[in-house]
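Colleague: I have a new model open on my screen, and I would like to learn how to read it. Could you walk me through it, one feature at a time?

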Amino acid sequence: MSNKIDKNGLLAVLNDWNFWQKDLPVGVKRDDYLTKAKSFLKEGQVLVITGARRSGKSFIMRQLIKELINSGTAPQETLMINFEDPRLPKLDVAALQEIYEIYLETLNPKVKPYIFLDEIQEVEDWEKWVRTMHELDKAHLIISGSNAKLLSQELATLLTGRHLDIEVSPLSFKEFLNFKQISIKSQLDLVNQQIDIKRLFSEYSQYGGFPEVVLSNNKEEVLLRYFDDLLNKDLIKRYKIRKTAAIKSLTKFYLSNISSLITFHSLGNFLKIADDTVEKFSGYLDTAYLISLLKRFSFKVREQEKSPRKIYAIDAGLANFIGFNFSGNLGKLAENLVFLELNRLKAKEPNLEVYYWKDNLHREVDFVVKKSQKVSQLIQVCWQIHDIATKKRELKPLFKASGELKCDDLLVITGDYQAEESIDGRVVKFIPLWQWLLE
């Protein structure tokens, strides 16, 4: 182990992250993820938890350990290692094996232990150790990481068909309300608490859903720190980027232009960066979960790939305070929130796909929801729909796409307008965003 620490020093570090001698705070439960994780553990495969930095992966792992202990697993039969703890030395496979052996020698688990490896990408060649442990059936393995591509590439190479994945997002609006101790179990709850819900929706729209931000009194400060960590640790340091000014400019541009169409070529011209650099850096931002690039719907793959992408941020708070969006276009922010919710649904339903639609006359529908081989829903986001001209403008592309894609489920998500209307022989449902997020 490079920069080797003594056994007692190592145990002191590990003791801070484990339930061996004390109870640890587990935060607010995120039941959807916990239920899925417990179900996956029964499959006997490596459980992989991915997601943006600070989206709550570590606390979900801790909650899972607590659930195991409550179900009869002895605390010493669990091991949690946080690889971002600065007290640990630079880690490689030999160091990981040494930690494991010290754990076995000291805690002496009587059955196959549960080993939780948090932010595993900090360990060089970690995947070889995980594969060996899995193949020899030495432990139940739960790993987490903040880089989608890094984990997927290495797991695909060495653990094909032997891992199950859970992608953790910042809080949904339902989870946000739960963190704020607002429980909605019926339509009556929704009606009785509507004033509080709308007030909290305004906060959610402004500051986003990172758990620590939601619970903090210094929200802007926490968001700025997150952004700095993400930029420096997950991008500049991880990919050894020398053009730091370029990636900072690109990131701030994206966060300032959420829900907008972009091409790598036009963006390269605007920022005075080579097209291939823009494409490469955009890929890095995507795999670090900072942004998502949405493709245009087309039955032709080539047309999908050649068309402009729509840009969305992982969190409204980052878009507002890094990209300065909140005082601007609320419609763009609302569209971003809809995308994030659709992305959560996509993580739950593998056969669900999401696109935007645009025809040759530049008529656009914000979201095309496709299930299996069929377009199941068309969604338009319009914050202010009361004006007749605005309503016509928003519905015209919706009706055009409806006919072309043979989809009759038409939804318009609004700021506060709710109705179901029959227009030109088609039924259109209008629903406020806060309410749709709770459905």
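Modeller: Let's begin with one residue: K219 sits in helix α11, which covers residues 219–237. Helices here are DSSP runs of H or I with at least four residues, strands are runs of E with at least two, and both are numbered from the N terminus. Please keep in mind that this is a predicted model, where local features need pLDDT of at least 70, side-chain atom pairs count only at pLDDT 80 or more, and totals for chains, interfaces and linings use all residues. Residues are numbered from 1 along each chain as its sequence is written, and side-chain values use heavy atoms, with hydrogens and water left out.

Colleague: Is K219 buried or exposed?

Modeller: The words have fixed cut-offs: buried is under 20% relative accessible area, exposed is over 50%, and partly exposed is in between, using a 1.4 Å probe and protein chains only. K219 has a relative accessible area of 13%, so it is buried.

Colleague: Which residues is K219 in contact with, leaving aside its neighbours within four places in sequence?

Modeller: A contact means heavy atoms within 4.5 Å. By that rule K219 touches K180, E203, Y207, V213 and V214, once neighbours within four places are set aside. You can also compare sequence with space: K219 and G208 are 11 residues apart along the chain, and their C-alpha atoms are separated by 9.6 Å.

Colleague: May I try another residue? Where does T390 lie?

Modeller: T390 is in helix α18, residues 388–405. Its relative accessibility is 12%, so T390 counts as buried. Not counting residues up to four places away in sequence, T390 touches C382 and Q384.

Colleague: And how do I read a loop? I am looking at P109 and V111.

Modeller: P109 lies in the loop between α4 (93–107) and β3, and V111 lies in the loop between α4 and β3 as well. P109 is buried because its relative accessible area is 15%, whereas V111, at 47%, is partly exposed. P109 touches Q76, E77, Y103 and L104, not counting residues up to four places away in sequence. From C-alpha to C-alpha, P109 and A74 are 8.3 Å apart in space and 35 residues apart in sequence. For V111 and L293, 182 residues apart along the chain, the C-alpha separation is 45 Å.

Colleague: What about backbone angles?

Modeller: The general idea is that most residues other than glycine have a negative phi. Here D125, which is not a glycine, has a positive phi of about 60 degrees. D125 lies in the loop between β3 (114–118) and α5 (126–135), and with a relative accessible area of 34% it is partly exposed. D424 also has a positive phi, near 50 degrees. D424 is in the loop between β13 (419–423) and β14 (426–432), and at 64% relative accessibility D424 counts as exposed.

Colleague: How many cavities of 30 Å³ or more are there?

Modeller: Rolling a probe the size of a water molecule over the atoms shows where empty space is left. On a 1 Å grid over the protein atoms alone, a cavity is a set of points where a 1.4 Å probe fits but cannot get out, and lining residues have an atom within 4 Å of a point. Grid points are joined across faces, edges and corners, and a volume is the space filled by probe spheres set on the points. The count here is two cavities of 30 Å³ or more.

Colleague: What lines the largest cavity?

Modeller: Its space is about 40 Å³, and its lining includes P170, Y204, G208 and R344. Helix α17 (residues 330–348) gives the most to this lining, with three residues. The second largest cavity holds about 30 Å³ and is lined by R53, R54, F210, Y226 and L230.

Colleague: Can we finish with the whole chain?

Modeller: Gladly! The chain has 19 helices and 14 strands, and 54% of its 439 residues count as buried. Its C-alpha atoms fill a box of roughly 75 × 55 × 45 Å, taken along the principal axes. Among contacts between residues at least 6 apart in sequence, 68% join residues at least 24 apart.

Key. On a 1 Å grid over the protein atoms alone, a cavity is a set of points where a 1.4 Å probe fits but cannot get out, and a pocket is an open set with protein on both sides within 12 Å along at least five of seven lines; lining residues have an atom within 4 Å of a point.
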